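Trainee: Could you take a close look at one part of this model with me? I'd like to go through the aromatic rings and the strands around them.

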Amino acid sequence: MKMFIPLFFIFTFVFAFAQSINISEKTEKMSVGKVNCLVFNIPYASKDDIVEGWKDLMKKAKAKVSGKDEIFADNATFTEISANTIDFYFRLEKDNDNTYTAIVAMDLGGAFLNSKDHTQGYNAAKNMLLSFAKGLATNALKKQIKDQESRISKLKDSQSDLEKENRKLQKEIEECESTIKENKEKISSNEKEIKTIGDQINKENEILEELNKTLKKIQ
């Protein structure tokens with residue numbers, strides 16, 4: 001089986017994996033209204049992996065997690081962001097390419113985290129979210145690399161099997177060619193012997209005819 005992969009597909013595949021993670025501050029509409037949020041992309045990871053990863057992160061921060069389309073984490077503890085517990089509001093948007101955009105609002109208790117009023121906490125939150133996104137992207141890429149290595153390994157096994165089969169077929173061809181050569185030589189030898197015997201039969205028939213003629217004369 002021949003496999004042909006167009007160069008266009010290869011280049012598209014490679015460039016698709018050149019994405020970087022960017023975090024920005026925006027006002028977004030959440031369930032609590034339009035509030036200040038941190039918005040960042042998470043490349044390569046699936047929606048299920050992102051959601052599961054986020055819930056795990058919030059649960060490790062001792063938060064009570066609920067919600068589906070928008071995930072609410074009640075009273076999460078991130079002391080590097082705020083001395084108080086934080087209420088997180090998290091939702092995902094699907095981008096056109098192999099990326100999801102995460103939108104996170106953090107209620108510090110009367111105010112939502114923003115770079116102007118909470119510089120230190122904002123920077124700590126950015127670092128936490130960047131680490132979260134990188135971890136998911138890294139794990140997703142490692143899985144894709146493992147899957148790709150598995151595909152290559154299977155292709156190599158198929159190639160090896162075909163090469164082994166070709167060697168077997170080539171050996172059979174050589175054996176057949178040797179048998180054909182021997183048979184041709186045997187046929188040639190037999191044909192010569194057939195001619196010799198035919199000549200001998202003719203001579204014997206001549207003797208037989210003479211004997212019959214002699215017999216008739218005696219009778």
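Mentor: Here is a walk through the aromatic pairs, then the strand pairing beside them, then the long helix. Keep in mind that this is a predicted model.

Let's start with the rings. The count of aromatic pairs comes to six. Take W54 and F88: their ring centres are 5.8 Å apart and the planes meet at 70°, which is over the 60 degrees needed, so the pair is edge-to-face. This contact ties together distant parts of the chain, as W54 belongs to helix α2 and F88 to strand β5, 34 residues apart. How accessible is W54? Its relative accessibility is 0%, so W54 counts as buried, and F88, also at 0%, counts as buried too.

Now for F72 and Y89. Their ring centres are 5.0 Å apart, but the planes are at 40°, so this pair is tilted. Again distant parts of the chain are linked: F72 is in strand β4 (residues 70-76) and Y89 in strand β5, with their positions 17 residues apart in the numbering. Y89 has 10% relative accessibility and counts as buried, whereas F72, at 22%, is partly exposed; the cut-off for buried is under 20%.

Zooming out a bit, W54 and F88 are also members of one aromatic cluster, together with F78, F90 and F132. There's a charge-over-ring contact to look at as well: K94 lies over the face of Y100, 5.4 Å from the ring centre.

Y100 takes us to β6, where nine of nine residues are buried. Both faces of this strand are covered, with T99, T101, I103, A105 and D107 on one side and Y100, A102, V104 and M106 on the other. As for its neighbours, β6 runs antiparallel to β2, joined by six bridges, and F40 stands opposite A102 there. β6 also runs antiparallel to β5, this time through eight bridges, with D87 and D107 as bridge partners. β5 and β6 form a hairpin with four residues between them.

Finally, the helix that F132 comes from. α3 covers residues 119-218, and its 100 residues reach 144 Å from first C-alpha to last, close to the 148 Å expected. F132 is one of its buried residues, and others include Y122, M128, L129 and L136. What covers the buried residues of α3 includes β5 and β6, along with β1, β2 and α2.

Definitions and conventions
Residues numbered from 1 in each chain as written. Predicted model: local features only at pLDDT ≥ 70, side-chain atom pairs only at ≥ 80, totals over all residues. Heavy atoms only, no water. Helix = DSSP H or I, 4+ residues; strand = E, 2+ residues; numbered from the N terminus. Expected span 1.5 Å × (residues − 1). Buried < 20%, exposed > 50% of the residue type's maximum accessible area, 1.4 Å probe, protein only. Contact = heavy atoms within 4.5 Å. Phe/Tyr/Trp six-rings, centres within 6.5 Å; stacked < 30°, edge-to-face > 60°. Lys NZ or Arg CZ within 6 Å of the ring centre and 35° of its normal. Pairing = 2+ DSSP bridges.
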